[in-house]
Amino acid sequence: MHLPHAVLTTLLFSALGLGCHAAAENDEIELHSGESVYGAVIAQDDKSVTLQRSFWRRRTGVIMIDTEYSRREIVAMHAVRSLEEDYRQRAAACLTTYDARYSLARWCLDRNLVAHALAITQQLYQEDTTDPVTLELIDETGYVIDQGAWLTSADYAARHHLVDYAGVLMSPEEAQARTDYNTANRATTDTQSLLDSAQNESKTTLLLLRDATIALKRAERHQQQARDAEHKQHLASLTAEQLADEQEGADFDAAHGIAPATEPDSQELIDARADFAKVSDHYQQCLATSAAMKARLVLLAAAMADDALSITKLSGTPFPSARLHGGPALAPSGAEALRPAADGGAGTPAPTP
């Protein structure tokens with residue numbers, strides 16, 4: 001059996017001692033912390049209540065957030081039939097102190113009543129045009145004061161030919177310079193990672209190359225020893241006359257530049273040479289990659305330095321210079337918001353056998 005939403009809500013709140021609460025599109029929840037939150041109840045049971053709350057954010061406009069509250073946090077829930085009526089009642093009861101009016105303006109922003117928040121903010125600004133809290137509140141409403149006129153950030157940007165870069169208004173040239181800097185910065189981090197990998201692989205391959213060199217030398221020695229032993233045995237088997245004839249033939253070949261017949265290499269030597277060539281080629285590739293990555297880092301550092309200089313000139317704010325190594329963090333997302341009227345080494349060469 002499914003109970004109607006209103007009946008279920010009433011039963012739940014009666015059981016918790018929170019009073020009767022009829023179904024309503026929007027609700028105000030009072031918490032033990034003293035906070036009062038507003039939104040539409042989208043889910044509830046005997047343990048918690050979930051509100052869909054709407055907020056105003058300068059950079060993104062209206063955002064919707066679902067927030068769950070434990071029943072133990074809740075003091076009371078009240079149906080809000082008309083948010084405008086709720087505002088009028090609060091405005092009528094609001095004290096004239098700065099804190100009270102500021103709190104009311106924040107209350108309006110938290111409920112997407114931007115026009116009312118702006119009206120309160122304008123009053124506070126007229127009383128003190130230099131108060132930093134009020135200036136921050138103006139920024140939160142999404143407005144900028146320009147030559148006495150209150151303009152939305154979009155209208156102000158259009159009037160002065162500016163663009164929004166990460167929530168900050170700036171010239172298109174500065175925005176492009178920051179974009180280029182961040183792009184080069186990310187490329188620097190990626191390139192440094194590739195360089196580190198190539199250098200680490202070079203170290204590992206160099207050890208393998210050392211072992212391959214030793215193996216090649218050993219195979220060459222073994223083959224030479226085998227040939228020497230075979231030649232010695234051959235000479236021992238010859239008669240004096242045969243030995244003389246063979247020596248005469250060797251002298252003739254040497255006098256006429258005739259190379260002696262070569263014997264096939266041993267399988268050990270063939271394998272050792274192939275392994276050495278393979279490891280040596282890979283080591284050279286690692287060195288070439290490292291050299292290319294270092295050259296790229298130099299070019300990226302130069303590009304970042306140029307972009308940083310451009311940003312400094314365009315924004316009027318010192319910007320950090322680029323670094324060659326170390327994976328620098330992304331560039332900050334713009335200067336302070338405008339308030340115009342508010343006033344590794346070259347590597348080790350491969351050893352040769």
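His-161 sits in the loop that joins helix H6 (153-160) to strand E8 (163-165), and in this predicted model its phi is positive, about 60°, although His-161 is not a glycine. Most residues other than glycine have a negative phi. With a relative accessibility of 64%, His-161 counts as exposed, because the cut-off for that class is over 50%.

A second residue of this kind is Gln-147, which is found in the loop between strand E6 (143-146) and strand E7 (149-152). Phi of Gln-147 is near 55°, again a positive value in a residue other than glycine, and Gln-147 is exposed, with a relative accessible area of 72%.

Strand E7, on the far side of that loop, includes Thr-152. At 25% relative accessibility Thr-152 counts as partly exposed, because that value falls between the limit for buried residues, under 20%, and the limit for exposed residues, over 50%. When residues up to four places away in sequence are not counted, Thr-152 touches Gly-142 and Tyr-143. The C-alpha atom of Thr-152 is separated by 8.6 Å from that of Thr-141, and these two residues are 11 residues apart along the chain.

**The chain as a whole**

The secondary structure of the protein chain comes to 9 helices and 9 strands. The chain has 353 residues, of which 33% count as buried. Its accessible surface comes to about 21,000 Å², and carbon and sulfur atoms account for 55% of that area.

**The nonpolar cores**

The largest nonpolar core has 16 residues, and those that touch the most other members are Leu-83, Tyr-87, Trp-107, Cys-108, Leu-113 and Ile-120. At least two residues of this core are supplied by each of helix H2 (83-93), helix H3 (98-110) and helix H4 (114-127), and the largest share, 5 residues, comes from H3.

Cys-108 is placed in helix H3, and at 0% relative accessibility it counts as buried. Leaving aside neighbours within four places in sequence, Cys-108 is in contact with Tyr-87, Leu-113, His-116, Ala-117 and Ile-120. Its partner Tyr-87 is 21 residues away in sequence, with 7.8 Å between the two C-alpha atoms.

Leu-113 gives a second view of the contacts made by a member of this core: with neighbours within four places in sequence again set aside, Leu-113 is in contact with Leu-83, Glu-84, Tyr-87, Trp-107 and Cys-108. Apart from this core lies another, of 10 residues, among them Leu-209, Leu-216, Ala-219 and Ala-272.

**The largest pocket**

Rolling a probe the size of a water molecule over the atoms shows where empty space is left. The largest pocket has a volume of about 490 Å³. Its lining is made up of 15 residues, and those that lie nearest the centre of the pocket are His-231, His-234, Glu-246, Pro-260 and Glu-263. Helix H7 (172-236) and helix H8 (240-255) are the elements that give two or more residues to this lining, and the largest share, 7 residues, comes from H7. Sorted by class, the lining holds 5 nonpolar, 4 polar and 6 charged residues.

**Further residues on the helices**

Helix H7 also holds Arg-186, which counts as partly exposed at 42% relative accessibility. The C-alpha atoms of Arg-186 and Leu-300 are separated by 9.9 Å, while the two residues are 114 residues apart along the chain.

Gln-267 is found in helix H9 (residues 267-315) and is exposed, with a relative accessible area of 52%. Between the C-alpha atoms of Gln-267 and Gln-223, which are 44 residues apart along the chain, the separation is 9.7 Å.

The table gathers the C-alpha separations described above.

| Residue pair | Separation along the chain | C-alpha separation |
|---|---|---|
| Arg-186 and Leu-300 | 114 residues | 9.9 Å |
| Gln-267 and Gln-223 | 44 residues | 9.7 Å |
| Cys-108 and Tyr-87 | 21 residues | 7.8 Å |
| Thr-152 and Thr-141 | 11 residues | 8.6 Å |

Technical notes:
Residues numbered from 1 in each chain as written. Predicted model: local features only at pLDDT ≥ 70, side-chain atom pairs only at ≥ 80, totals over all residues. Heavy atoms only, no water. Core = buried A, V, L, I, M, F, W, Y, C linked by side-chain atoms within 4.5 Å. Buried < 20%, exposed > 50% of the residue type's maximum accessible area, 1.4 Å probe, protein only. Helix = DSSP H or I, 4+ residues; strand = E, 2+ residues; numbered from the N terminus. Contact = heavy atoms within 4.5 Å. 1 Å grid on protein atoms, 1.4 Å probe; cavity = no way out; pocket = protein on both sides within 12 Å on 5 of 7 lines; lining within 4 Å. Points joined across faces, edges and corners; volume = space filled by probe spheres on them. Nonpolar A, V, L, I, M, F, W, Y, C, P; charged D, E, K, R; others polar. Areas by Shrake-Rupley, 256 points an atom, 1.4 Å probe, with all protein chains shown as cover.
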